[in-house]
Amino acid sequence: MEKALAAAESAWHDHGDVPVGAVVLDPNGSFIATGVNERELRHDPTAHAEVVAIRKAAEKLDNWRLDGCTLVVTLEPCAMCAGAIMQSRFSRLVFGAWDEKAGAVGSVVDLIRDPRALTKVEVISGVLAERSSALLKEFFAQSR
């Protein structure tokens with residue numbers, strides 16, 4: 001989560017995006033890829049940190065199936081990202097802060113743990129949640 005938080009800060013300071021960071025770990029826990037929000041940078045509504053990290057990991061592994069891998073992200077994924085996580089076949093999702101407005105892993109809906117979901121993903125929530133949340137609050141306070 002420390003790497004994801006550092007990435008989140010770079011999204012904000014480098015190109016003014018909402019500070020969300022994500023990292024992908026292989027089945028042995030080794031770092032594969034990182035992603036940050038790049039919506040402002042790329043003018044792309046799908047360039048969320050999770051999607052950016054997933055694309056980089058799939059390219060690095062030369063495989064869209066990320067079985068056994070873990071995605072670590074500073075903010076609870078939205079519906080789009082939750083779908084991408086399941087489609088990528090991640091084994092585990094770790095996230096920090098809850099997203100009470102758009103979260104799709106328990107806050108608003110829970111797509112990943114829905115019993116009808118095709119893929120079963122272990123979810124670990126609340127890791128360094130206070131730090132993740134504080135970073136987002138600081139960003140939005142300065143943006144207003």
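Leaving aside neighbours within four places in sequence, with which residues is Pro19 in contact? The legends below begin with that residue and describe close-up views of a predicted model.

**View 1. Pro19 and its surroundings in the loop between H1 and S1.**
In this predicted model, Pro19 is in contact with Ala8, Ala11, Trp12, Thr74, Leu135, Leu136 and Phe139, once its neighbours within four places in sequence are set aside. Pro19 counts as buried because its relative accessibility is 1%, and the cut-off for that class is under 20%. Pro19 and Ala49 are separated by 30 residues in sequence, while their C-alpha atoms are 9.0 Å apart in space.

**View 2. Ala49 in helix H3.**
With a relative accessible area of 0%, Ala49 is buried. Not counting residues up to four places away in sequence, Ala49 touches Val20, Gly21 and Ala22, and also Gly35, Val36 and Asn37. From Ala49 to Met86 the separation is 37 residues in sequence and 15 Å in space, taken C-alpha to C-alpha.

**View 3. The largest nonpolar core and the contacts of Ile112.**
The largest nonpolar core has 33 residues, and those with the most contacts inside it are Val20, Val24, Leu71, Ile85, Phe90, Leu93 and Ile112. Two or more residues of this core come from each of helix H1 (2-15), strand S1 (21-25), strand S2 (31-36), helix H3 (49-61), strand S3 (70-75), helix H4 (79-87), strand S4 (92-97) and H5. The most is given by H3, with 4 residues. When residues up to four places away in sequence are not counted, Ile112 touches Ala82, Ile85, Met86, Leu93, Ala104, Val105, Ala117, Thr119, Val121 and Val123. A second, separate core has 6 residues, including Met1, Ala4, Val23 and Val72.

**View 4. Aromatic pairs, with Trp12 and Phe139 in the foreground.**
The count comes to 3 aromatic pairs. Trp12 and Phe139 form an edge-to-face pair, with 5.5 Å from centre to centre and 90 degrees between the planes. This pair links distant parts of the chain, since Trp12 is in helix H1 and Phe139 is in helix H5, 127 residues apart. Both Trp12 and Phe139 are buried. Phe95 and Trp98 also form an edge-to-face pair, at 4.9 Å centre to centre and with 90 degrees between the planes. In this second example Phe95 is buried, with a relative accessible area of 0%, whereas Trp98 counts as partly exposed at 38% relative accessibility. Trp12, Phe139 and Phe140 form one aromatic cluster.

**View 5. The largest pocket and its lining.**
The volume of the largest pocket is about 560 Å³. Its lining comprises 22 residues, and those that lie nearest the centre of the pocket are Val18, Leu75, Asp99, Leu136 and Phe140. By residue class, the lining divides into 11 nonpolar, 3 polar and 8 charged residues. Helix H5 (residues 129-143) gives the most to this lining, with 4 residues.

**View 6. Glu38 in the loop between S2 and helix H2 (39-42).**
At 10% relative accessibility, Glu38 counts as buried, because that class takes in residues under 20% relative accessible area. Glu38 touches His15, Asp17, His43, Ala47 and Val52, with residues up to four places away in sequence not counted.

**View 7. Two loop residues with positive phi, Asp62 and Arg89.**
Most residues other than glycine have a negative phi. Asp62, in the loop between H3 and S3, has instead a positive phi, near 55 degrees. The relative accessibility of Asp62 is 72%, and the residue therefore counts as exposed, the class for values over 50%. Arg89 lies in the loop between H4 and S4, and its phi is likewise positive, near 70 degrees. Arg89 is partly exposed, with a relative accessible area of 30%.

Technical notes
Residues are numbered from 1 along each chain as its sequence is written. This is a predicted model: local features need pLDDT of at least 70, side-chain atom pairs count only at pLDDT 80 or more; totals for chains, interfaces and linings use all residues. Side-chain values use heavy atoms; hydrogens and water are left out. On a 1 Å grid over the protein atoms alone, a cavity is a set of points where a 1.4 Å probe fits but cannot get out, and a pocket is an open set with protein on both sides within 12 Å along at least five of seven lines; lining residues have an atom within 4 Å of a point. Grid points are joined across faces, edges and corners, and a volume is the space filled by probe spheres set on the points. Ala, Val, Leu, Ile, Met, Phe, Trp, Tyr, Cys and Pro count as nonpolar, Asp, Glu, Lys and Arg as charged, and the others, Gly among them, as polar. A nonpolar core is a set of buried Ala, Val, Leu, Ile, Met, Phe, Trp, Tyr and Cys residues joined through side-chain atoms within 4.5 Å. Buried means under 20% relative accessible area, exposed over 50%, partly exposed in between (1.4 Å probe, protein chains only). Contact means heavy atoms within 4.5 Å. Rings of Phe, Tyr and Trp (its six-membered ring) pair if their centres lie within 6.5 Å; planes under 30 degrees apart count as stacked, over 60 as edge-to-face and the rest as tilted.
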